[in-house]
Amino acid sequence: SLCYETNSPGFEIVHRCSFLGIRGIANGLLKFTNVKVPKENIIGHPGEGLKIALVTLNTGRLTIPAISAGVGKLCMHYCRDWANERVQWGLPIGKHQAVGKRLSELTANTFAMDSIASLTASFADQENKDIRLEAAMAKYFGSEVSWKIIDDTLQTRGGRGFETAASLKARGETPMPIERIFRDLRINRIIEGTSDIMRLFIAREAMDVHVRHLMGMTKPGLSFIDRLKSVLSAIRFYAVWYPKLWLPTFQFWGTRHLSRQNKSHLKFISRTTRKLARRLFHTMARYQQKLEKEQLILGHFVDIGTLLFAMSASLSKADILDKKEHPGLQDAVHLFCKQSRQEIKNHFMELHSHHRQLTNKVNHQFLDGTYEWMTEGIIKT
């Protein structure tokens, strides 16, 4: 990894980029013409540049859930004032069910983001702990959920949410920067790995154990002896691993102090984790090497696993916090877990969906120009 000075001969900034949001950063197109890098500017050892860059990904990804939780808390602050002050049809808008649903979900989801950020950060503090999967799920969850939160916040604020803070201030209103947060937050679904890449990364990590055992048997070019060894190794592994996924779990020691609701959620996580493992195994056995191309199926598996992780983090944090000092804590956790359970149920149902073939068909038609007739009449640039 090389560190250079901007005044080095041959270094040139060709263009400075301009973006939708985060306009305080300085990104640009750089040009290097025979730039000499002093030996003392080498970070690490020659050839370790990519490794050093990849190691920083975990740290970078952990900033996203922290930012997301912070945005959620800020939106709670802005929405509470506005939902109480703004009156429509004789009531503060927060007392109307449609708005109230958004506000309750904002509260529950913010607690979940805060919980997952704290948990993954504590993992990072443990020396030599591999947190690639946890960091990826935290990043994915935070960026997706916070985007919904800011969208709901803007909707709750209505026209004033769409208006800039400077404009609001100029006409004597509270300059809530919802518009700016909306623009700035959108990048989180792109930087440190897009949500699409995160889904694939998480799916590959989850499938790694099966790739080693199942895919090893189907590798082309293996000798008969090597293939037989792979088969025997897989049989030994799955003979122990697979039956466990069907057995009930009674390992809930130390949970007597939990509320009845939280015990129920904890048992749901345990039960559903095993169900997820079974379904993923069955799906891999069905599709084999073709599964990597079935990104819609993998997306459902990833969302189920991420929601289970978020539920676990929320229940863990709720167990640590003092209920008397944090009124309403149980209700917020219960709501998040209830809505997550419904989402998980929907994802399992979508695994049986037969829309994928039709989706692929329409996509291919789109790429081939079949729907060009829809764009007639627009001014093309």
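Colleague: What is the relative accessibility of phenylalanine 237?
Modeller: Happy to help! This is a predicted model, where local features need pLDDT of at least 70, side-chain atom pairs need 80 or more, and totals for chains, interfaces and linings use all residues. Residues are numbered from 1 along each chain as its sequence is written, and side-chain values use heavy atoms, without hydrogens or water. Phenylalanine 237 counts as partly exposed (buried is under 20% relative accessible area, exposed over 50%, partly exposed in between, with a 1.4 Å probe and protein chains only), as its value is 24%.

Colleague: Which residue forms a stacked pair with phenylalanine 237?
Modeller: Rings of Phe, Tyr and Trp (its six-membered ring) pair if their centres lie within 6.5 Å, and planes under 30 degrees apart are stacked, over 60 edge-to-face, the rest tilted. Here the centres are 6.0 Å apart and the planes at 15°. The partner of phenylalanine 237 is tryptophan 241.

Colleague: Why are phenylalanine 237 and tryptophan 241 separated by about one helical turn?
Modeller: Both belong to helix α8, residues 224-244 (a DSSP run of H or I, at least four residues, numbered from the N terminus; strands are E, at least two). They are about one turn apart because their spacing in the helix is 4 residues.

Colleague: How are the planes of tyrosine 371 and tryptophan 373 arranged?
Modeller: Tyrosine 371 is partly exposed at 22%, whereas tryptophan 373 is exposed at 51%. Their ring centres are 6.3 Å apart and the planes meet at 55°, so the pair is tilted.

Colleague: How many aromatic pairs are there in the whole structure?
Modeller: Ring pairs link Phe237, Tyr238, Trp241, Tyr242, Trp246 and Phe281 into a cluster. For the whole structure, the number of aromatic pairs found is 12.
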